[in-house]
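Trainee: Could you take me on a close look at the place where the ligand sits? I would like to understand what is around it, step by step.

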Amino acid sequence: MIVPVDGLVAVPRDFLQNVQDSYDVVVIGSGLAGMTAANILGRAGHSVLLLEQHYKLGGLATWFKRPGGHIFDISLHGFPYGMIKSCRRYWNQAIADSIVPLKRIRFDNPVFSLTTSYHRNDFTRLLSEQFGVPRSTIDAFFDTARQMKFYDDQELTTGELFERFFPGRQDIVRLLMEPIVYANGSTLEDPALSYGIVFSNFMSKGVFTFEGGTDRLIQLMHDELLSNGVDVGIRCDVEQVGVERDRVVSVKVNGRTIRTRSVVSNANLQATIFRLVGDQYFDSQFIDEARQVRVNNSSTQVYMALKPDEYIEESTGDLLFSSTAREFATDLLLSRDITSRTYSIYYPRTRPAGRSRHLVVSSTNAKYEDWAGLTKEEYEQSKRDLIETTLDAAEKYLPNLRERVAHIEASTPITFEHYTRHVAGSSFGTKFEGLAVSRGLPEQVRGLYHAGSVGIIMSGWLGAINYGVIVANDVDACLMASGSAVSSARLSE
Ligand SMILES: Cc1cc2nc3c(=O)[nH]c(=O)nc-3n(C[C@H](O)[C@H](O)[C@H](O)COP(=O)(O)OP(=O)(O)OC[C@H]3O[C@@H](n4cnc5c(N)ncnc54)[C@H](O)[C@@H]3O)c2cc1C
C-alpha cells in the first residue's frame, strides 16, 4: 500500500527486504528465549531468520524512552546468579560481565520490615533471629528446596511445602513467597518444585541486574545475533505457520511466504497452536490438553522519573516488597484493590554511561479481566487512579514524591497484550501444565517447536534463556537428522 502524506508519496518500508526465500529455522518472536535459540542455532551454522512483530527486540525484556532522557525498564528488576553462566556460554563475555548484584532487598508490611542481601546465609540469620525458627528446620527447608528436580513429585503444592516446615507461620510464608510470586507469578497452589527450583536459584548468590539497562543488553544481543549470521526482521508479524503432511514448511509474514525446515515459536503457547498453526494439525487429545493450559497472571506498572536535581537515598533499597495487607494471599496479590506493590529503584549506577537519573517502577500482579472490556473513559480513569494510588503509597518511602516527579505513566494488562500479543497479557507465560504441551509440539508437527515462558520454571529472564537453549538443541538435532550441512558439535562451543 502506498500512503500519500502532505502531497508526497510515502513508500512503506519493506522490513523483509534482505530476507531470503528459505531458511533452516525461522524464530517467531524476539523475547529472551527466541533470541537465545536464534543465536545458538546461528552460531552453529544453520541459516536462521528471527521475526519480531514489534519495532523493538526483547519482548518483555524491553524499555522505553521519554523526553528528558528518561529510560524505563519493564522487567529489569532482578534475576538469579545463573544468568552470568548462561549469558557467557550462549551470548558473550561482555554481556556476562555486565551482570552485577543488587545490594539491598527490602520488605515492608504490617507484620515485618527488614532489609536483606537475599542470600541463603542472610535468610538463615533472619529466620533464626527474627522469626525464631530452629537452625535444623531452616537447613532442612533449604536442602529440600535445593534438591527439587523436575521429575519429582508434582502433587505437593508450595503451600503444603511451607506447612510442612513452618506450620501456621503466615509471616514466614510471606518472606519466602512474596519475591517469587513477583519473579514468576507462581502461587501457593502451584507445584512446590516450581517454587523450590526458582527460590534456590535466587538463594545461591542473591539477586542480580544488568548494568547499562535493558536497552544496552538488547543492543549487545542484537549485535551478537548479526555477527552469528542471523537475519533479523522487526515489524514482522507472522500470520501463519504453513504445515504440509505433518511437517512445518513455511511461515507467512507481511504478505510473503518464507520456506523453512523448522519453526521456533517464541509467541504465546496458545497463540502458537490455535492462531499460527491451527488446531486441525494436532490430535484431539493434544488439543484438549492445550485448551486446559492456564495462562499466568498479568501486571500493572507505574513508571516514575524524578526531576534531574532530585535523588533517592541508597538506603531506600534496590527492590522493595511493600504491602499493606495483614494476610498474604494469592487473591489479594491480584486484586484491583491493590495492597502489594514492588518498587524497583533505579539509581544512576543502573546506567553509568547515561544521564544521572533516579527512577522508580512500581509493579503489581494483576488480572486481565479487571482491565479488559472497560470503555475508553473507564480505562483512562482506571489508569489515572492507578497512578494516584501508587503515588500515595510510594510517598511512605519517598517523601513528597508527587512534587519531585518529572514524568509518570502507567501500563496495564492491555498494554502487555498489545506489545507482546500474549493471551490475556500474561507476564509469565503459562502455568505448570504448559510445559508438557510446549515440549509435545514436535511430536505433533515435525519441525515445530516452542520456546518461551511456560510452566513457571521456564519463566523469568533466566528461565526463558535456558529454555531457548534446550529448544535450540532439539532443533539442531532435528535438522541434523534430516541432513543439515553443519555440525551440531558447534552448539557446545
Ligand atoms: C512487569 C513484569 C516484570 C517482570 N520482572 C521480571 C524480573 O524482575 N525478573 C525476571 O527474571 N523476569 C521478570 N519478568 C518476566 C520476564 O520478563 C519474562 O519471563 C521473559 O522476558 C519472557 O521471555 P520470553 O522469551 O518468554 O518472551 P516474551 O518476552 O514474552 O516475548 C515474546 C515475543 O514474541 C513476539 N511475538 C508474539 N507473536 C508474534 C508474531 N505472531 N510474530 C512475530 N513476533 C511475535 C512478541 O512481540 C514478543 O517480542 C517480568 C515480566 C513482567 C511483565
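**The shell around the ligand**

Mentor: Happy to! Let's begin with the kinds of residue: the shell around the ligand is made up of 15 nonpolar, 22 polar and three charged residues. Keep in mind as we go that this is a predicted model. In total, 40 residues surround the ligand, and the closest are Gly-29, Gly-31, Gly-59, His-77 and Gly-460. Now look at which elements they come from. At least two residues of the shell are supplied by each of helix 1 (32–43), strand 15, helix 15 and helix 17 (460–481).

Next, step back to the domains. The protein is divided into domain 1 (3–55 + 234–294 + 428–492), domain 2 (65–101 + 297–420) and domain 3 (119–205). Why does the ligand lie between domain 1 and domain 2? Because both of these domains give residues to the shell around the ligand. The C-alpha centres of domain 1 and domain 2 are 29 Å apart, and the contact takes ten residues from domain 1 and eight residues from domain 2. Two helices you have already met come back here: helix 1 and helix 17 each supply at least two residues of the side of domain 1 that touches domain 2. Helix 17 gives the most to that side, with six residues. Sorted by class, this side of domain 1 has five nonpolar, five polar and no charged residues.

Now for strand 15, another supplier of the shell. Strand 15 belongs to an open sheet of seven strands, in the order 9-8-16-17-18-15-19, with mixed pairing. At the edges stand strand 9 (113–116) and strand 19 (405–411); each has a single partner strand, so one side of each is left without a neighbour in the sheet. On average, and ignoring direction, neighbouring strands of this sheet are turned by 15° against each other.

Look at one pair in detail. Strand 15 (residues 298–306) and strand 18 (residues 359–366) run antiparallel and are joined by eight bridges. Along this pair, you can find Val-302 opposite Ser-362 in strand 18. Helix 15 (residues 413–420) packs on the sheet, where it touches strand 15, strand 18 and strand 19. The direction of helix 15 makes about 95° with that of strand 15.

That brings us back to the ligand: helix 15 and strand 15, which touch each other, are both among the elements that supply at least two residues of the shell.

Technical notes:
Residues are numbered from 1 along each chain as its sequence is written. This is a predicted model: local features need pLDDT of at least 70, side-chain atom pairs count only at pLDDT 80 or more; totals for chains, interfaces and linings use all residues. Two strands pair if DSSP finds at least two bridges between them. Helices (H or I, at least four residues) and strands (E, at least two) are DSSP runs, numbered from the N terminus. Axes are lines fitted to C-alpha atoms, for helices over the stretch in contact, and angles run from 0 to 180 degrees between N-to-C directions. Two residues are in contact if their C-beta atoms, placed from the backbone, lie within 7 Å. A residue is near a molecule or strand if its C-beta atom, placed from the backbone, lies within 6 Å of it. Ala, Val, Leu, Ile, Met, Phe, Trp, Tyr, Cys and Pro count as nonpolar, Asp, Glu, Lys and Arg as charged, and the others, Gly among them, as polar. Domain bounds come from an automatic or database domain assignment.
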